[in-house]
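Me: I would like to go through this structure term by term and ask what justifies each label. Please set the values against the cut-offs as you answer.

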Amino acid sequence: MKKKMNKSKMLLVKQKMNKFEFVEPIADRGCFIDDAPTYHSPAFQSIGFPVNDKGILLSSSMGLSSAATATTTLSEALKFCIFDLRRGQHEGEELEKILFFFPADLPFPAQLAVIGLSEGLITFTRIFSPEAACEVIEAEMHSHVFFEAEPDIWMVMVVAKSKETEAIWRIEALRSVLKEVHSLFVMFHGSIRLMLDKEPGGGLIRSHLYTFIMDYLSDFLVGNKFVLPNFRDSLKERGTVQMLTVGREAAIEVQSLVGALDSCMGNTLGYSVILFQDLLVSTTLSPDDTINLFSYGSLRLTPRVLSSGGSTWSYLRKGNASSHTEPVSLLANTGSAFDRSHGFRDASSAGGDNYRIVRPLQHGKWSRGKDGFLVTDIWGVEVGNLVPTTPTIWLQQTEHKMYLCAYQHKSLTIILLVPVTSMLNGEEGISMLKQQLLENASAKIFKVEEKLAKGWGGENAYHVKGYRYLLVDGDRNISRASPAGKVTTLTKESLLALNKVREDVDLEKSRAKGDCVDHEKDLEICIRAKNNAWVIARATRGKELYIVLEKANETLLYASEAVEKFSDRYCNGAFSLD
Amino acid sequence: MFGNTSSSQPTVGFGGSGALSHTYIQYPPLRCRNDGSRGLFYDDGNKLLISPTSDKVRTVFNSVVSWKTSPFTPDVAPTTDTISDGPVLSVRYSLDAKLIAVQRSNHEVQFWVRETGETFSQKCRSESGSILGFFWTDCAVCDIVFVKTSGLDLYTYVPELKSLDLVETKKMNVSWYIYTHESRLIVIASGMQCKSFTGYQLSSAGIIRLPRFEMAMAKSDVNSKPVLAAEDVHIVTVYGRIYCLQVDRVAMLLHSYRFYRDAVIQQGSLPVYSSKIAVSVVDNVLLVHQVDAKVVILYDIFADSRTPVSAPLPLLIRGLPRTSISTSQSNRKDGEGSETTLLNDTASHLYSDDWNFLVPCLVCDVSTGFLWKIHLDLEASSDGWYAISASSSEVPSVLEFLQRRKLEAKKAKQLCLELTRSLILERRPLPMVFRAIEVLVNAFSYSLKTGSYSKGGKSEKPTVENSVGTGTSDEISSADASGKSIRTESASGVDRRTVHNSSVLTSDSEDNANFRKAKAKFLDINSSSGNIDRETSVASESQLHDNQPLNANVSEQQDSQVTSAAIAPDELYDFVFASVEEEMIADASYLFAIIVEFIRSANVEKIKLHPNIYVMVVRLLGRNERYAELGQFILNKIIEPSKEVALQLLETGRLHIQTRKLGLDMLRQLQLHHDYVVLLVQDRCYFEALRYARKNKVNSVRPALFLEAAYASNDPQRLAAVLRFFRDFIPGFGTTSEHGTYIRALADMDSSIAV
């Protein structure tokens, strides 16, 4: 999404402000929210919107009073929609194009207003940049973040801006949320387009998207509102993997384990991913698939998530854990009310013409079995013997459907992926694989776990005293940052400054992407924030480094030396070439 | 050795279907037949075969003719010493070879000082028992021990007085005894059935008394009381451990006992198929000759395994001239004293009654006076192992067996390489290959620690000593610890460990003895023995196996230096990994897994690997486009940084920019500034290159390189910047012709830019 676009975007925003007077999201004025009418039409049922059994569209007014207020706040803060430009192109069929809308209880005219605006902008900007249309609209009160997930399938997120409520966003961070939810969706359900082709009515994709995205968004639910990645998360990079640093010896042991896992999977073209706590140790997957599986693993499979049982939400947002108050009881309450109010049903109880929906992101559904393998009934239970069905996922690169088989020993989580096609006898083959793993690899697993646990420095292992940093290796999609607990010590001013710097770098990067393909631009930004903190960004040869120095000396020289020192010690001198 | 081709041919080739035997004796033998000889004596202390002869001319004097049997060469010249006439019951040279002791009667041993010809006698009173025998020892407290029916007399020799001085007497009833110099151990049988034993080890560390023990004997019926005969008990030294083997003729079992300092532990029994049993030890492999059946069974009792190495097979004579066989067949009954007949006799009289088995691996045919040395055919025996352990999962143990072989180290090494190679080519299950690799790496690491592996350089003395066969023992003091000791031994390798003399029952090998008592002469014998043995065997082997590609690769000069079967990582790479790489292209991940395991094993043993192996890892990963994993390998430093690896990364990275960057970063981290700068220029990162060159003071890169590149880019701004850079930072650059050339070129490109 390119520099051309950046210009046209600016133009658009200006136009809107002055001359065209685009009807800025009506919801702002709240007219449709508080006295939201209840739509009652069988048509809604047929196109698969969440509808209760009387055919009444569920809205906040139908829910519990607490949930009603919650959703009210939610809809003010966040709107999230997915629509397909190839559908509903005739008058009167507009609803067809909506695949997902949050909040679902927003009246259709309001939903259509948001989508209409987005579609209009996309169509308009495509004139100038056909390959990469609209990226963002910055309005006075809102930011609209666009992401073309699949050809003609757009995801748009509308977030309210507000200085008071810390609602200061970095667009790229928001877009990476969109990217993430889409890749995860594709990993579990295949592409949206494919599902649309399967059932052109749209009911299938709508119900899948709805449950999936709502489950996903629930992770951002803090208190009774969504907290999306804002400026406080500037020292984080979504869509990257955090690696565990291991010594050579341990690395070799890990590799040897990988080999053993490979041989457990026999001749099938399987893959393995090894996590220690919520850090990646090893992967044989392609980088994109690794990111997806890593995100899923750290969201739902790590020992910490499992040990905290059903109400895991506070852990899921570990980054913000200290910066927000999280009354767990309310969360659980809201969560269930959330489920009810949005008409979620358990996959198992779904019957009739309802779709059997697998909810991989549902909370508290994974547990560690006695044999060390992680089990879940998310994918259903085999009739008769009560054995949970083995989960399956799609690989992005090869588009192969794989069985997912996870094993956990203490802090070590091992995920094996085996092609479904190679398992002719399905579950039986999986249980044989598990047997193989227990017999042939468990000794190695124990050894590796022990070794890694010994070398593991704990939560703050990667803290560097005096620095608050984020290091991103774009080539390998790896990032490392100061521990979240340490980042919270930074003042708001520093974080805001950093947020700004990151936006600038994002802009530079997207410009450079258009300019020349073969190598990245080097760049260096060094600013002094209002509170006298140094905020420094360096990018070179595909790597980025962001550092905040709050207790720095007066001089730029000092700051620059501090960065140099950091680069030499922790980045192999990658940022101190000159 | 013109006869090589005939009899040994069937054993050629690894298939082994034609292998008729895993042991052989090599023609020609050592001929020690002398006219007028009165029997042959073997002095195992000095490894001499001694034949007292009566001189027909001067009847008064006798002479002693002796042949050195170590090193074993057929054409060794005998040495003759003159002694006075008289009965000779036994002869032994002192360990420093200065004295000759001859037992004249049950009561008298006579001594000759070889230098001066002086003699003296040591007589024993008849009431104190008769002398059963005597032997010289390098024990700290005495020089010679007389074994009498009433016990042991320990004497020291006093050169000044030309007499023996009694040090100590150990009283006991002695029915018979056996002693081997190799183990320094005397085992004394007493009792009615001669089955209760006492033993002493007279080593340089002192005298150790073994606890009394009984040997088990099955009874044919309730009342019978079989008497154990001396010829049914053997002392063998294998891997420095001392065992006693006892034939139980009734049960048809060969019981084995292992000697510890304060215990004698029965180790289990081997079946026998002949009433007469002889044992030899070749290269730490136990050969049990089933004399009646004329077959040999091999055991490698290193890891307490009681399974034979191979099926019973006959002993083979190699190198017999074919003509002699045919003539012998036709002239069988001629009875002429011709050589062919004698040979013929040998051929047809394998395991005849005249065969005396000498410690550790010699056979003397007293009727012909031929002394044969028993050899092990490694190929056939490892093959045999294959055959015995029908499950091929035993390949690693075959490798272990081969790695333990010292005498034909080069051969063993080749076989190991060949075996490993075929393991991989046949795509055997990975765990097995892993185990094989581990065996090889461990063996190598062990040989490094013991110093027996010396790459390229001249083989050192300790190496040779090891190869002689009887390493220093590593017995563990108590039986309780034995289980543990076995484990550590098998983990760590074969022979020479740090000797804890205080608590350990050692069988002092010649090596130790030499250091203490004997002089340089013995060292010479030993060290040369190893070499010559090997050279001869190597020579014959390489003739046999010329058709094998592996042989051709190893130069002759190396051969003589191979003193250990241990395989260095480089060799493993060259002969196994690199050679299979082409054939494994389709299955690179299989090979990759093996190499990872190899790296792991090497890392465990702290062996540094050649960059070649890492280069190969990069290549394999690159070929399968497993770039992400490659990145992990580099970042975790599993692949150790080196210039070779960096260049391979750059090569692999032609298809994958991130990998190329890894290569560049590696060059930078290795401080290979020149290469780094050149590559930056290739990547058209001129300014980075210039800045880097300036910062790190890289002077080796010529300005022309940058200028040409900038010129070729057709960008006047760039060329101008580069020119400016050199003019600013290289003094006098402005006056060079180069400068002028590019200034003009710049002017041609675009006149609007001024430098």
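**Labels and their grounds**

Reply: Let me begin with a strand, bearing in mind that this is a predicted model. Val295(B), Ile297(B) and Tyr299(B) point one way from β25(B), while Val296(B) and Leu298(B) point the other way, and all are buried. Strand β25, residues 295-299 of chain B, is accordingly described as mostly covered, with five of its five residues buried.

Me: What makes β24(B) and β25(B) a pair of strands, and which way do they run?

Reply: Two strands pair if at least two bridges are found between them, and five bridges join β24 (residues 285-290) of chain B to β25(B), so the condition is met. The two strands run antiparallel, and one of the bridge partnerships is that of Leu287(B) with Leu298(B) in β25(B). The strands form a hairpin with four residues between them.

Me: Which residue in that turn has a positive phi, and why is it called partly exposed?

Reply: The residue is Lys294(B), in the loop between β24 and β25 of chain B, and its phi is near 55°, a positive value in a residue other than glycine. Its relative accessible area is 36%; since buried means under 20% and exposed means over 50%, this value lies in between, and Lys294(B) is therefore partly exposed.

Me: Where is Asn572(A) found, and why does Asn572(A) count as partly exposed?

Reply: Asn572(A) is found in the segment after α16 (556-570) of chain A, and has a positive phi of about 55° although it is not a glycine. Its relative accessibility is 43%, which is neither under 20% nor over 50%, so Asn572(A) counts as partly exposed.

Me: Why is Arg92(B) called buried?

Reply: Arg92(B), in strand β7 (residues 90-93) of chain B, has a relative accessibility of 14%, and because the cut-off for buried is under 20%, Arg92(B) counts as buried. Not counting residues up to four places away in sequence, Arg92(B) touches a set of residues including Asp43(B), Asp44(B), Phe134(B), Phe135(B) and Trp136(B).

Me: Why does Val433(B) count as buried, and what is Val433(B) in contact with?

Reply: Val433(B) is found in helix α7 (residues 430-450) of chain B, and at 0% relative accessibility, which is under 20%, Val433(B) is therefore counted as buried. Leaving aside neighbours within four places in sequence, Val433(B) is in contact with Leu423(B), Ile424(B), Arg428(B), Tyr590(B) and Ile594(B).

Me: What makes the pairing of Ser190(B) with Arg212(B) a polar contact?

Reply: The two side chains make this contact at 3.4 Å, and because a pair of N or O atoms has to lie within 3.5 Å, the distance satisfies the cut-off. Ser190(B) lies in strand β16 (residues 185-190) of chain B and has a relative accessible area of 6%, so Ser190(B) is buried, the value being under 20%.

Me: How do you know that Glu253(A) forms a salt bridge with Arg600(B)?

Reply: The closest N and O atoms of Glu253(A) and Arg600(B) are 3.4 Å apart, and a salt bridge requires such a nitrogen and oxygen within 4 Å, so the pair qualifies. The count between chain B and chain A is five salt bridges, with 11 residue pairs in polar contact.

Me: How many residues does the contact take from each chain, and what is the area buried between chain B and chain A?

Reply: The contact takes 36 residues from chain B and 34 residues from chain A, and the area buried between them is about 3000 Å², of which carbon and sulfur atoms give 46%. In chain B, Arg600(B), Gln632(B) and Lys661(B) lose the most area to chain A, together 18% of what that side buries.

Me: What joins Phe102(A) and Pro103(A)?

Reply: A cis peptide bond joins Phe102(A) and Pro103(A), with omega about 0°. Pro103(A) has its place in the loop between β2 (98-102) and α4 (108-126) of chain A.

Technical notes:
Residues numbered from 1 in each chain as written. Chains lettered and ligands numbered in written order. Predicted model: local features only at pLDDT ≥ 70, side-chain atom pairs only at ≥ 80, totals over all residues. Heavy atoms only, no water. Buried < 20%, exposed > 50% of the residue type's maximum accessible area, 1.4 Å probe, protein only. Contact = heavy atoms within 4.5 Å. Buried area = accessible area lost by both parts, 1.4 Å probe. Salt bridge = Lys/Arg side-chain N within 4 Å of Asp/Glu carboxyl O. Polar contact = N/O pair within 3.5 Å; in protein donor to acceptor, adjacent residues only side chain to side chain.
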